[in-house]
Each structure stands twice: as C-alpha cells, then as structure tokens.
Amino acid sequence: MSTTGATPSPWVLTGHPTSLGDPSTLVTLVDGQTFCLSSRTGDFDTNPTHGVFFADMRVLSQARLLVGGSPVEALAVDQPDSGSATFVGRFQPAGHPELRLMVVRRRELGSVWHEQIEVRNTSPSAVSIAVDLEIAADFADVFAIKEGREASEGEHSIEVRDQSLLFGWRLGTSTVRPSCA
C-alpha cells in the first residue's frame, strides 16, 4: 500500500500534543458538550489550548480583561459547580499607590457563555478608569488545537448587539453562530 500523495486525516494526531501547561494554573468549566479552559485570572489568550469549546470546536479563542490598559492580578477562584466560576483579582495602577481596585468576574457556561464583570474601588477617592474585554473567535477544530496547528479555515463574522456579541463562522454549507452575553 502506497501513502505517497495521501492527505493526512484531520482526525488523526500526527504530531505531538499541545501541552495544557501547569494544571494548578488551569480553570476548567464543563456543561454538557461545552467546556472552557482559562487561566486563574479568567483570561484565555496566552495558552493556545484556552477558550470556550462546543462540539469539538473552539467557539471563543480569546477573552482578555484589561483594567487601565493592564491585566488584572489573580487573587482567588471559586468554582461552586462544574459550569461556573468566580475569579477575584486586583489592579493597582503604577505610580498611584492610593488607588486600589478589586475585580470580580462571574462566569457561567451553558447555552451561552455569560460573563459579569464588577470593578470595586476600595480606595477613599473616586476613580475613573477604562475597562476592556478583548475577545475573539477562531472556530478552530479541537484536534487541530491538540496538534498545535494554528490555521483556521472558513469565513468569520461578528455582530455587535445591545447586550451581546454574535460570532459567525461558515465553511462550505456549515454555519455556526454562538452568542456571548
């Protein structure tokens, strides 16, 4: 049997699997066919295996919270059940030791990925600061991620709504439109 010119199957791992990294820094949420891997800050952006996955596809590849243009320092994580978590962090702007902000992220995984962000000012004076959540969807196949392949196929779209974002992906006749609330 000759394998010359054969196209490798996307369902067979041909290389080395991608590492999940240190398991003590990984937070995993699961709800049915949906799961989410993130850091202890709640972010998923630095580890190529992080994100929200549904039916063997990563439907959200980045969720990075920035306060004042900087990442939040992780303090604690509470997971009351397999499908939700509360991430607690802090932010203290450089050069402003009097400003202390606590950041609480409440995440629920289910039919939609729901994230509630609360910023508490624990300093005696009022503060005005930018809070950004950088998000992206690459619709990568879980097997491609495990293998370390970065190419994402298909057409991507995003629709901004009043209380949510709707990402779209199309490849041939297949279409996926997950919602983030």
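Which residue in strand 11 is the bridge partner of Leu 65? In strand 11, Leu 65 has Leu 133 as its bridge partner. The model is predicted, so that local features need pLDDT of at least 70 and side-chain atom pairs count only at pLDDT 80 or more, while totals for chains, interfaces and linings use all residues. Residues are numbered from 1 along each chain as its sequence is written, and side-chain values use heavy atoms, with hydrogens and water left out.

Strands here are DSSP runs (E, at least two residues), numbered from the N terminus, and two of them pair if DSSP finds at least two bridges between them. Strand 5 (residues 62–67) pairs with strand 11 in the antiparallel sense over six bridges. Both belong to an open sheet of three strands, in the order 6-5-11, with antiparallel pairing. Strand 6 (70–71) and strand 11 (131–136) stand at its edges with a single partner strand each, so one side of each is left without a neighbour in the sheet.

A second antiparallel pairing joins strand 12 (residues 155–160) to strand 13 by six bridges. The connection between strand 12 and strand 13 is a hairpin through four residues, and Val 160 has Leu 165 as its bridge partner in strand 13. Five of the seven residues of strand 13 (residues 165–171) are buried, so this strand is largely enclosed by the rest of the structure. Buried means under 20% relative accessible area, with a 1.4 Å probe and protein chains only.

Strand 13 also contributes to the largest nonpolar core, a core being a set of buried Ala, Val, Leu, Ile, Met, Phe, Trp, Tyr and Cys residues joined through side-chain atoms within 4.5 Å. Of its 18 residues, Phe 44, Val 52, Trp 113 and Phe 139 touch the most other members. Two or more residues come from each of strand 1 (26–31), strand 4 (57–60), strand 8 and strand 13.

Strand 8 appears again at the largest cavity, where it supplies the largest share of the lining, three residues. A cavity is a set of points on a 1 Å grid over the protein atoms alone where a 1.4 Å probe fits but cannot get out, and lining residues have an atom within 4 Å of a point. The count comes to one cavity of 30 Å³ or more, and the largest holds about 40 Å³ of space. Its lining includes Leu 65 and Phe 87, and by class has six nonpolar, two polar and two charged residues.

Note on methods. Buried < 20%, exposed > 50% of the residue type's maximum accessible area, 1.4 Å probe, protein only. 1 Å grid on protein atoms, 1.4 Å probe; cavity = no way out; pocket = protein on both sides within 12 Å on 5 of 7 lines; lining within 4 Å. Points joined across faces, edges and corners; volume = space filled by probe spheres on them. Nonpolar A, V, L, I, M, F, W, Y, C, P; charged D, E, K, R; others polar.
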